[in-house]
Amino acid sequence: MPVVTIAQSPGRTLEQKRELVKKITDAFVTSYGVKPESVTIFLQDYDDSNWGKAGLLHVDAKAGKDG
């Protein structure tokens, strides 16, 4: 039973999320030979104050701050 977790920043439309879930499910069906019903996908949206890169929170990096 594959379980996929996707962590992303907000901003995707419901239609984009539907398409992504379908394509990931199809990939598991094709590659692993599992039934679509066995594939679970979690989409987690993290706002800019809850993730960082290169030592900075994304909210600070967007604002041009260096800490």
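Me: Where does D48 sit in this predicted model?
Reply: You'll find D48 in the loop between β2 (40-45) and β3 (52-53).

Me: Why is D48 called buried?
Reply: Buried means under 20% relative accessible area. D48 comes in at 19% relative accessibility, so D48 counts as buried.

Me: What makes the pairing of D48 and H58 a polar contact?
Reply: The cut-off for N or O atoms is within 3.5 Å, with one atom able to donate a hydrogen and the other to accept it. The side chains of D48 and H58 are joined at 3.1 Å, so that pair falls under the definition.

Me: And which distance goes with D48 and K62?
Reply: That polar contact, again side chain to side chain, is 2.5 Å.

Me: Which residues does D48 touch, leaving out those up to four places away in sequence?
Reply: L57, H58, V59 and K62. To touch here is to have heavy atoms within 4.5 Å.

Me: How do you know how the protein chain compares with a compact globule?
Reply: Set the two radii of gyration side by side: a compact globule of 67 residues would be near 11 Å, but the protein chain has 16 Å. The C-alpha trace spans about 50 × 25 × 15 Å along its principal axes.

Me: How much of the protein chain counts as buried?
Reply: Of its 67 residues, 15% do, and D48 is one of the buried ones because its 19% relative accessibility passes the test.

Me: What is the order of helices and strands?
Reply: Along the sequence it reads β-α-β-β-β-α, with two helices and four strands in the protein chain.

How values were computed: Residues numbered from 1 in each chain as written. Predicted model: local features only at pLDDT ≥ 70, side-chain atom pairs only at ≥ 80, totals over all residues. Heavy atoms only, no water. Rg over C-alpha atoms; globule rule 2.2 N^0.38 Å. Buried < 20%, exposed > 50% of the residue type's maximum accessible area, 1.4 Å probe, protein only.
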